[in-house]
Amino acid sequence: MTDHFVSFLDDIWEKFPTFAEKENTDLTNHNLLWSLDEYRKANYVNFKTGKKELYRLSILLENYAEKHDTPLLATFETEARYKYVEKRYLEILSKISKAWIIGNFINPELAPHPPATAEVISCDGTNISPMWIVLTKGENGPFGLVAEDIGDKEYRGFFTSNSNILDKVIDDINEQLKIKITI
């Protein structure tokens, strides 16, 4: 097993240092409300932002997965964060062929009970716990957001359609949780 940095995000950026150095894009500028296609065309965007912007981007990704019946991976930092979207997620999960719901589910009784096509995995005690990750797949491979809770309702991270980076994200999750995600 390889050694992991304390931060999941830093572990990814350690493998791709030129991306870590890219300037942040201001996602709060309402003149810049990008469509999902614009994010995908950008290929890679760093950001430091709040929940509102990540929630909007997450919905764009979830809607894409639902519309195109593509796999979906979503992580939740707490059980409460999953409970906030649970009703919408159960509807999404009933319409897609495969999903992985990963969360800091400490009490197994509070873990979601979605359709059989969705796997629910606890990441309690790992460096995945503070992560907000939503990934799906397009015609050219996986794309999505990877963000880390840095406190004070702020997140740092990136959106990418770079398959090399997302393969590393998925490999790290698979290794730590002893699962097999294939997007």
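## The central pairings of the sheet

In this predicted model, strands β2 and β5 pair in the antiparallel sense, and three bridges hold the two together in the pairing pattern. Within this pairing, L72 has T136 of β5 as its bridge partner. On another pairing of β2, the strand runs parallel to β3 (residues 99-103), to which it is joined by five bridges, and here F76 stands opposite G103 of β3.

Strand β5 also pairs with β6, in the antiparallel sense and over eight bridges; one of the partnerships is that of K137 with P142 in β6. The two strands form a hairpin, with two residues between β5 and β6. Seven of the eight residues of β5 are buried, so this strand is largely enclosed by the rest of the structure.

## The sheet as a whole

Taken together, seven strands make up an open sheet of mixed pairing, in the order β1-β7-β6-β5-β2-β3-β4. Its edges are formed by β1 (44-50) and β4 (118-122), each of which pairs on one side only, and from one strand to the next the twist averages 15 degrees. As a general matter, strands of a sheet pair through backbone hydrogen bonds, either parallel or antiparallel.

Towards the β1 edge, β6 and β7 pair in the antiparallel sense over seven bridges, with R156 in β7 as the bridge partner of E148. These strands, too, form a hairpin with two residues between them, and in its turn D152 has a positive phi of about 50 degrees. Strand β7 is joined to β1 by seven bridges, the two running antiparallel, and in this pairing G50 stands opposite E154 of β7. Most of β7 is covered, given that five of its seven residues are buried.

## Helices against the sheet

Helix α1 (residues 8-15) packs on the sheet, where it touches β1, β5, β6 (141-151) and β7 (154-160), and its direction makes about 40 degrees with that of β7. Helix α4 lies across β1, β2, β5, β6 and β7, and runs at about 30 degrees to β5.

## The largest pocket

The largest pocket of the model has a volume of about 240 Å³. Its lining comprises 16 residues, of which Y55, R81, Y84, V85 and W132 are the closest to the centre of the pocket. By class, this lining has eight nonpolar residues, six charged ones and two polar ones.

Both helices and strands contribute to the lining, since at least two residues come from each of α4 (51-68), β2 (72-76), α5 (79-93) and β5 (131-138). Two of these elements have already been described as partners in the sheet, β2 and β5 being paired in the antiparallel sense, and α4 has been described as lying across both of those strands, among others.

## N174 in helix α6

Which helix holds N174? The residue has its place in α6, which spans residues 163-177. N174 counts as buried because its relative accessibility is 10%, and the cut-off for that class is under 20%. If its neighbours within four places in sequence are left aside, N174 is in contact with I179, K180 and I181.

Notes: Residues numbered from 1 in each chain as written. Predicted model: local features only at pLDDT ≥ 70, side-chain atom pairs only at ≥ 80, totals over all residues. Heavy atoms only, no water. 1 Å grid on protein atoms, 1.4 Å probe; cavity = no way out; pocket = protein on both sides within 12 Å on 5 of 7 lines; lining within 4 Å. Points joined across faces, edges and corners; volume = space filled by probe spheres on them. Helix = DSSP H or I, 4+ residues; strand = E, 2+ residues; numbered from the N terminus. Nonpolar A, V, L, I, M, F, W, Y, C, P; charged D, E, K, R; others polar. Pairing = 2+ DSSP bridges. Axes fitted to C-alpha atoms, helices over the stretch in contact; angles between N-to-C directions. Contact = heavy atoms within 4.5 Å. Buried < 20%, exposed > 50% of the residue type's maximum accessible area, 1.4 Å probe, protein only.
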